Every structure is written in C-alpha cells, then in structure tokens.
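This report covers a ligand site and a pocket. Please look over the sequence and the structure before reading on.

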Amino acid sequence: ENLFSVRMRASKNGAHENGGKHISGGEQISTYSHLKHTVNVLLDKALTHSKGNPDFMQIQLELIDEPITKCEPLHIETIEVESVEEGQLIARNLLEKSGVPRACIEKAYQQMKECSGLRGAILFDIHTGERIDDRSDKGVRVSRMDWFTTNYEKWANYYKMPVSQRVKEALVLATKVNRHPATVAELCWSDDPEYITGYVASKKAGYQRITRLKTYGDEQGCRIFFVNGLSDLDSYIHYLEKEPLIIQW
Ligand code: PML
C-alpha cells in the first residue's frame with residue numbers, strides 16, 4: 001500500500017522564512033485512506049498550541065517511494081527531579097556517560113543561548129565542540145518517521161506510560177536520530193512554555209526522560225545532536241530528513 005509523509009508547520013507574524021515566530025510543527029506517515037484523519041490531527045496540534053494562534057500554516061503531503069525501515073523504539077525511563085538545576089545536572093552527566101566530552105557539553109550550552117527560536121535541531125561535533133550544520137536559524141528538521149497508534153498504545157500500556165502524542169513523536173525522533181552510527185547522543189526539551197520535561201537519548205542510555213529541564217513560562221527549546229566521525233554531513237542530513245522509518249514494537 002502507498003504511504004504518504006504528511007508535514008505541518010505553523011507560525012505567527014507570517015511564514016518562518018519571513019521572520020515569523022515558530023508555533024508548532026508535526027509529522028506523520030499515513031495511508032491514503034487515513035489522510036483525512038492525519039491532516040486533522042496535525043491541524044488540531046497547530047491550533048491548540050500554547051505558544052498562541054498561528055496566522056500562517058502549511059500542511060504538505062508527499063508520496064514515499066523509498067523502502068521503509070522498521071525498528072523498535074529506544075528503551076525508555078523517566079527520572080523524577082525536584083528542580084531544574086538537578087535535572088540539568090543529570091542531563092549533563094548522561095551526555096558525558098554517552099560519550100560526549102565535558103568540554104563539548106559546556107560549549108554546546110554556551111552556543112544554545114544564541115540559538116533561540118530555532119525550528120529544527122543543531123548538530124555538534126564532539127571533537128571540536130563546534131556546530132557543524134549549515135542551517136543557521138532554521139536547523140535540521142528530522143522527518144519521514146512515525147509509529148502507528150494501535151502499536152504505540154500497546155507499548156504505552158506495557159510500560160505504563162501515558163498515551164501522549166508528544167512523547168510518541170519525541171521517542172520516534174530520538175530513535176531515528178540515535179540509530180545512525182554517527183550520532184553519539186541527543187539533548188532535547190520543548191519550546192512549549194507549559195511543558196518542562198525533556199530528555200537525553202543515546203544508544204547507551206536509551207531515552208531518558210527528565211521531568212524538569214526548564215521552568216514554566218520559558219519559550220526557549222533545545223534540540224542538539226552530538227555527532228562523532230561524520231565523514232559526510234550531507235548524507236547524515238539526508239538520512240534525518242528523507243529516509244523513512246516506522247517504529248514497530
Ligand atoms: C517537544 O514537545 O517539543 C519535545 C518534547 C520532549 C519530551 C517528551 C517527553 O515527555 O518524553
């Protein structure tokens with residue numbers, strides 16, 4: 001059966017490329033017969049975002065004509081913390097245990113302050129501690145991945161996780177990113193001011209949710225991929241943006 005990649009992006013004060021503020025983005029893979037439902041889910045996501053009402057939105061669909069990889073999700077755990085400081089300390093330790101040198105972690109945190117309002121992810125080389133993607137304020141947007149609802153819900157019940165579109169999307173993304181041999185680890189928290197749980201993910205650590213990585217009201221999100229031994233930046237970005245992946249548990 002034909003599968004389609006369906007993507008949504010929404011912003012305020014015009015399109016992103018005209019300086020608009022990022023409100024929401026989303027991505028699903030859908031069969032033809034399910035397209036109406038899929039578009040509705042993405043539309044709903046954009047219209048109910050706590051960063052405000054968008055005045056620009058695009059929903060785009062594309063037939064996937066490459067073979068689709070299937071794989072299991074990363075192992076998931078949740079670490080409850082009392083404060084942002086404790087959460088951030090744990091995040092740094094997990095990154096270090098995953099193989100990111102301390103100096104690189106510190107450099108990434110410094111650079112992060114200059115990267116507010118980014119839609120996608122930034123790529124960091126663990127040896128130089130320098131940002132290596134060439135996407136300036138746009139970042140790299142991981143795409144063409146999904147996890148079908150019934151299979152996801154079975155997994156969520158088994159692990160006693162809340163059934164949440166947000167957790168599902170983040171785990172799918174982290175699984176895709178960290179599956180690549182050049183990825184050492186990922187650090188992420190939401191730009192949604194009402195959502196403060198973030199995570200560190202890596203092959204070694206799995207998907208480690210940390211319940212506080214920022215304070216309520218903070219609109220600054222973060223998504224960093226730490227990479228090692230990347231011989232070809234373009235093919236890495238091609239993997240993230242174009243190669244289709246479906247999670248199956
Ligand atoms: C996002 O919504 O932008 C990222 C969410 C990351 C954390 C999801 C989770 O609770 O595991």
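From which domains does the lining of the second largest pocket draw at least three residues each? Both domain 1 (3-65) and domain 2 (70-247) contribute at least that number. The model is predicted.

## The second largest pocket

The space in the second largest pocket comes to about 350 Å³. Its lining consists of 18 residues, and those closest to the pocket centre are Arg-7, Gln-60, Arg-119, Lys-138 and Arg-141.

Three elements, β1 (3-12), β3 (56-63) and α6 (233-242), each provide at least two of the lining residues. Sorted by class, 10 residues of this lining are charged, six are polar and two are nonpolar.

## Residues around the ligand

The shell around the ligand is made up of Arg-166, Val-167, Ala-170, Ser-190, Tyr-195, Thr-197, Tyr-199, Tyr-207 and Arg-209. By class, five residues of this shell are nonpolar, two are polar and two are charged.

## Polar contacts and cover

Side-chain N or O atoms of three residues, Ser-190, Tyr-195 and Tyr-207, pair with oxygen atoms of the ligand. For Ser-190 the distance is 3.3 Å. For Tyr-195 the distance is 2.5 Å, and for Tyr-207 it is 2.7 Å.

On its own, the ligand has 340 Å² of accessible area, and the protein covers 88% of that area. Two elements, α5 (165-179) and β10 (206-210), give two or more residues to the shell around the ligand. Of the elements, α5 gives the most, with three residues.

## Summary of the two sites

The lining of the second largest pocket includes 10 charged residues, with Arg-7, Arg-119, Lys-138 and Arg-141 among the residues closest to the pocket centre. The shell around the ligand has two charged residues and five nonpolar ones. Arg-166 and Arg-209 are among the residues of that shell.

Terms used
Residues are numbered from 1 along each chain as its sequence is written. This is a predicted model: local features need pLDDT of at least 70, side-chain atom pairs count only at pLDDT 80 or more; totals for chains, interfaces and linings use all residues. Side-chain values use heavy atoms; hydrogens and water are left out. On a 1 Å grid over the protein atoms alone, a cavity is a set of points where a 1.4 Å probe fits but cannot get out, and a pocket is an open set with protein on both sides within 12 Å along at least five of seven lines; lining residues have an atom within 4 Å of a point. Grid points are joined across faces, edges and corners, and a volume is the space filled by probe spheres set on the points. Helices (H or I, at least four residues) and strands (E, at least two) are DSSP runs, numbered from the N terminus. Ala, Val, Leu, Ile, Met, Phe, Trp, Tyr, Cys and Pro count as nonpolar, Asp, Glu, Lys and Arg as charged, and the others, Gly among them, as polar. Domain bounds come from an automatic or database domain assignment. A residue is near a molecule or strand if one of its heavy atoms lies within 4 Å of it. A polar contact is a pair of N or O atoms within 3.5 Å; within protein, one must be able to donate a hydrogen and the other to accept it, and residues adjacent in sequence count only if both atoms are side-chain atoms. Accessible areas come from the Shrake-Rupley method with a 1.4 Å probe; for residues, only the protein chains shown count as cover.
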